Amino acid sequence: MPPSSAQPGKTANAAKPRRRRGEGQWALGYREPLNKNEENKKNDDGLNVRDRIINIYSKGGFDSIDPADLRGRFRWFGLYTQRAPGIDGGKTAVLEPEELDDRYFMLRVRIDGGQLSAAQLRAIGEISRDHGRDTADITDRQNVQFHWIQVEDVPAIWEKLESVGLSTTEACGDTPRVILGCPLAGVAEDEVIDASPAIRQVYDDHIGSPLYSNLPRKFKTSISGCTSHCVNHEINDVAFVGVRNEEGEAGYDLFVGGGLSTNPMFALRLGAFVRPDQVSEVWAGVCAVFRDYGYRRLRTRARIKFLIKDWGAERFREVLEQEYLGYALPDGPGPELDPGQERDHVGVHRQNDGRFYVGFAPKVGRVSGTTLLRIADIAEEHGSDRVRTTADQKLVVLDVEEERVSSITSALESEGLQVNPSVFRRQTMACTGIEFCKLAIVETKDRAASLIDELEKRLPDFDEPVTINVNGCPNSCARIQVADIGLKGQLMLNSEGEQVEGYQIHLGGGMGLNPSFGKKIRGLKATADELPDYVERVLHRFQEQREDGETFASWAGRAEDADLK
């Protein structure tokens, strides 16, 4: 209270500074759990659930599973209960977890670097066919997800995966998840560096280690020397991006703190040059900073992006070097970015050895075990033992001889896998959606697939690279904020006043030289039925108003709001 308003005869006291609440940072002495998730992790490491799944739950069935394992530690091995059928999106945030749970699981197979042999792909296809009702989704983090998995089948599934060198270890949970890598690592004509050895070393050194199995939240990594920047370093928790220093030595530029969800942030450059032989150690250092200094009080503030937002790049680098590495990293250059470059690897292109790779597009990542088995057969029939997943829900077959390109293209397209897809099939992604996901509010996969079909009919000659990303909830698994047209699922009223599925629309997002999150315009949304009309309308306006060479994102940034509705 200021002196002028103090009561007579009393001395005004200075306000005491409010003590800031602890954020659960281990390095500052906050070791006691501050929420249920942290308590569960302290009670038992998530890695320990594997033995219980094999020896207890697979034999006793779904009803034998401890709830703390079912909705917590199972994730450390890629298992989530899927959404029970028939629960509409309006109940997603209302029902208790046990009311949303089905007795079946989604199971995520981690495919680090997106690298698969034909035998590995065949094992995945067989698991889908035999245990997952022939379901398989290629995710935008290079994984494959099954649905309809029963806990009784999990040990047999693990045995088959591990027999070909795959696993589900730390595919989910508060752990270091799959390491993204360019699907063309080692074969791209223009790559800066082959990141495959670094990915393998990080995996071998650290994945499944108790040192990093209790992080504040999930931790997403990319390591790539791709000049197309196909693994989207800007939105990963830690990213190693291929560069050459002033001496011409190939290494990595280090980014930390990217992520989307409800609080999107782009990663910050630390400005440090990392030699290839340092990647594993530096990765472990960044992960340990997050483990020890990350915020554990609120789950909504527990990603590393919040820490680096508060600290800044300079302080983060200082703590990393002084407390964890014990040496200073040299300064280095940033990556070279081409504003007009496609970030996927669709189509037929020459490799650095004279052979060709063939990239193709399943529709919004939705395939089947039967389809995956056929892809493995097609690859082998054309002399290839290497198939790759991409960060855009696509697939690539490597090592095809020039004289066999036409044959493999025909074989893939006979299976509905397009090597020369329309811009809409190439550029549209969708998350799992309400069909299986307990967080979703609306349907996504079928909706996105039907949207592609409609746009191909209505705009057959449209060829500008406009991305359309469809998400079933605000969490942005399908990267809606960095799409040209991002569609966030929500419930809304239609013209008759009925509650229906719809989408809030984000426009003009993107990464690269001018990264930006898509803008939201007040009231801009569309019901699911209105969606094809809306997208057609806004794309027509873009074509009418764009300047020479102008991208959709640039146009959306300057267009009048009325032209975006």
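**View 1. A stretch of the annotated domain in a predicted model.** This structure is a predicted model, and our tour starts with residues 426-545. Over this part the chain is 26% helix and 28% strand, and its end C-alpha atoms lie 24 Å apart. An unreviewed UniProt entry gives residues 426-545, together with residues 172-324, the annotation "domain: Nitrite/sulphite reductase 4Fe-4S". Over residues 172-324 the chain is 30% helix and 21% strand, with 26 Å between the end C-alpha atoms.

**View 2. Helix 14 meets helix 15.** Now let us look at a pair of helices, helix 14 (residues 445-458) and helix 15 (residues 531-545). How far apart are their axes, and at what angle do the helices pack? The axes are 10 Å apart, and the angle is about 45 degrees. Helix 14 is therefore oblique to helix 15. The crossing of the two is right-handed. On the helix 14 side, the residues that meet the partner are Arg447, Leu451, Glu454, Leu455 and Arg458. On the helix 15 side, they are Leu531, Pro532, Asp533, Val535 and Glu536.

**View 3. Glu530, in the loop that leads to helix 15.** Glu530 sits in the loop between strand 20 (519-527) and helix 15. Is Glu530 buried or partly exposed? With a relative accessible area of 38%, Glu530 is partly exposed. Another residue to find in this view is Arg479, which is 51 residues from Glu530 along the chain. The C-alpha atoms of Glu530 and Arg479 are separated by 22 Å.

**View 4. Gln427 and its contacts.** Gln427 belongs to helix 13 (residues 423-427). Why does Gln427 count as buried? Its relative accessibility is 9%, and buried means under 20%. Which residues is Gln427 in contact with, leaving aside neighbours within four places in sequence? They are Glu342, Pro465, Val466, Thr467, Ile468 and Asn469.

**View 5. Lys91 and Ala440, brought together in space.** Look for Lys91 in the loop between strand 1 (79-83) and helix 4 (97-100). Lys91 is partly exposed, with a relative accessible area of 39%. Lys91 and Ala440 are 349 residues apart in sequence, yet 9.9 Å separates them in space, C-alpha to C-alpha.

**View 6. The largest nonpolar core.** In soluble globular proteins, nonpolar side chains tend to be buried together. Here the largest nonpolar core has 49 residues. Ile53, Phe74, Phe105 and Ile124 are the ones with the most contacts inside this core. Which helix gives the most to it? Helix 11 (residues 369-381) does, with 5 residues. A second core, of 44 residues, lies apart from this one. Among the residues of that second core are Phe219, Tyr252, Ala284 and Leu307.

**View 7. Ile124 and the packing of helix 5 on helix 6.** Ile124 deserves a view of its own. Not counting residues up to four places away in sequence, Ile124 touches Ile111, Leu116, Val144, Phe146, Leu161, Leu166 and Leu372. The axes of helix 5 and helix 6 (residues 154-163) come within 9 Å and cross at roughly 165 degrees. Helix 5 is therefore roughly antiparallel to helix 6, and their crossing is right-handed. Helix 5 makes the contact through Ala123, Ile124, Glu126, Ile127 and His131, while helix 6 supplies Ile157, Lys160 and Leu161.

**View 8. Thr135 and Trp148 in contact.** Thr135 is in the loop between helix 5 (118-131) and strand 4 (136-138). Thr135 counts as buried, at 15% relative accessibility. Not counting residues up to four places away in sequence, Thr135 touches Ser128, Gln145, Phe146, His147 and Trp148. Trp148 has its place in strand 5 (residues 144-149). Trp148 also counts as buried, at 18% relative accessibility. Check the backbone here too: Trp148 has a positive phi of about 65 degrees although it is not a glycine.

**View 9. Val364, with a positive phi.** Val364 is found in the loop between strand 12 (356-360) and strand 13 (366-367). Is Val364 buried or exposed? At 2% relative accessibility, Val364 counts as buried. Its phi is near 45 degrees, a positive value in a residue other than glycine.

Note on methods: Residues are numbered from 1 along each chain as its sequence is written. This is a predicted model: local features need pLDDT of at least 70, side-chain atom pairs count only at pLDDT 80 or more; totals for chains, interfaces and linings use all residues. Side-chain values use heavy atoms; hydrogens and water are left out. UniProt positions are given in the numbering used here, feature names are shortened, and annotations may be inferred rather than shown by experiment. Helices (H or I, at least four residues) and strands (E, at least two) are DSSP runs, numbered from the N terminus. A nonpolar core is a set of buried Ala, Val, Leu, Ile, Met, Phe, Trp, Tyr and Cys residues joined through side-chain atoms within 4.5 Å. Buried means under 20% relative accessible area, exposed over 50%, partly exposed in between (1.4 Å probe, protein chains only). Contact means heavy atoms within 4.5 Å. Axes are lines fitted to C-alpha atoms, for helices over the stretch in contact, and angles run from 0 to 180 degrees between N-to-C directions. Angles under 35 degrees count as roughly parallel, over 145 as roughly antiparallel, 65 to 115 as roughly perpendicular and the rest as oblique. A crossing is left-handed if the near helix is turned anticlockwise from the far one by less than a right angle, and right-handed if clockwise.
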